[in-house]
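The following account leads the reader through a single protein structure, from particular residues to the overall fold and back again. Please keep the sequence and the model in view while reading.

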Amino acid sequence: MDDVDRQILAELQQDGRLTVTELAARVRLSVSPCHRRLRELERAGAISGYRAVVEPAAVGLNFEALVFVSMRQEDRDTVAEFEGALADIPHVVEAQRLFGEPDYLLRVVAADLAAYQRLYDDRLATLPGVQRLTSTLVMKHVVDDRPLPA
């Protein structure tokens, strides 16, 4: 990956809807070489996809919590079952497995506190292998969806 590839990635992180012609102009390449580089970045996995960034409040998801999960047991089967069950909960919009304690960090969205409480009681607390859940409510986003540094 060279400086031109990094510039292509930076431009697309700012505006993923750029046409190849617009992108080529911004990185000072002709269209064909820019298109080849773009396809190679996609093939190599540097670009994993394109998506719209949706404002949660605009779709009625006004409540957000960070949930720290401590596992009772961490054998391979329990971890796989837990992670598989997480994938089936659409309100869990991010999940990271951590080193140390706690074992996982989840980012969860809901319509309001009552909806979050139902999700917590009915789904999160019943996940396989969970010993303890600790929630922290998000007051505001200070840095959100920042592009990766070049």
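In which loop is the place of R28? R28 is situated in the loop between α2 (20-27) and α3. The model in which it appears is a predicted one, and the backbone at this position deserves attention: R28 has a positive phi of about 60° although it is not a glycine. The residue is also exposed, because its relative accessible area is 75%, and exposed means over 50%.

A second residue shares the theme of positive phi. D145 is a residue other than glycine, and its phi is near 55°. Along the chain, D145 belongs to the segment after β4 (130-137).

A further backbone feature concerns a peptide bond. E101 and P102 are joined by a cis peptide bond, with omega at about 0°. P102 is part of the loop between β2 (92-97) and β3 (104-110).

With these local points in place, the overall fold may be considered. The protein contains 5 helices and 4 strands. Their order along the sequence is α-α-α-β-α-β-β-α-β. As for overall dimensions, the C-alpha atoms fill a box of roughly 55 × 35 × 25 Å along the principal axes. The radius of gyration is 20 Å, whereas a compact globule of 150 residues would have a value near 15 Å. Of the 150 residues in the protein, 29% are buried.

The discussion now turns to charged side chains. How many salt bridges does a search of the whole structure find? The search finds 9 salt bridges. One of them joins the side chains of D5 and R37, with an N to O distance of 2.9 Å. This pair links distant parts of the chain, since D5 lies in helix α1 (residues 3-14) and R37 in helix α3 (residues 31-43), 32 residues apart. The two partners can also be described by their accessibility. D5 has a relative accessible area of 12% and is therefore buried, the limit for that class being under 20%. R37, at 25% relative accessibility, counts as partly exposed. The contact also belongs to a network of salt bridges, in which D2, D5 and R37 are linked.

Helix α3 holds further salt bridges. E42 forms one with R39, and the closest N and O atoms of this pair are 2.5 Å apart. Both E42 and R39 lie in helix α3, with a spacing of 3 residues, about one turn of the helix. E42 is partly exposed, with a relative accessible area of 23%, and R39 is likewise partly exposed, with a relative accessible area of 41%.

The side chains of E40 and R43 also meet in a salt bridge, at 2.5 Å from N to O. E40 and R43 are both in helix α3 and 3 residues apart, about one turn of the helix. Which of the classes, exposed or partly exposed, applies to R43? R43 counts as exposed, because its relative accessibility is 62%. Its partner E40, at 38% relative accessibility, counts as partly exposed.

Charge also appears on the surface in the form of a patch. Which residues form the negative surface patch that includes D77? The patch is formed by E74, D75, D77 and E81. Within this group, D77 lies in helix α4 (residues 76-87). D77 has a relative accessible area of 59% and is therefore exposed. Why can D77 be part of a patch? Patches are made of residues with over 30% relative accessible area and no salt bridge, and the 59% of D77 satisfies the accessibility requirement because it is over 30%.

The final stop concerns a buried position. L127 is located in the loop between α5 (113-124) and β4. Is L127 buried or exposed? L127 is buried, because its relative accessible area is 7%. The C-alpha atoms of L127 and A85 are separated by 6.8 Å, although these residues are 42 residues apart along the chain.

Definitions and conventions. Residues numbered from 1 in each chain as written. Predicted model: local features only at pLDDT ≥ 70, side-chain atom pairs only at ≥ 80, totals over all residues. Heavy atoms only, no water. Patch = residues over 30% accessible without salt bridge, like charges linked within 9 Å, V, L, I, M, F, W, Y side chains within 5 Å. Areas by Shrake-Rupley, 256 points an atom, 1.4 Å probe, with all protein chains shown as cover. Salt bridge = Lys/Arg side-chain N within 4 Å of Asp/Glu carboxyl O. Lys, Arg positive; Asp, Glu negative; His and termini not counted. Charge placed at Lys NZ, Arg CZ, Asp CG, Glu CD. Helix = DSSP H or I, 4+ residues; strand = E, 2+ residues; numbered from the N terminus. Buried < 20%, exposed > 50% of the residue type's maximum accessible area, 1.4 Å probe, protein only. Rg over C-alpha atoms; globule rule 2.2 N^0.38 Å.
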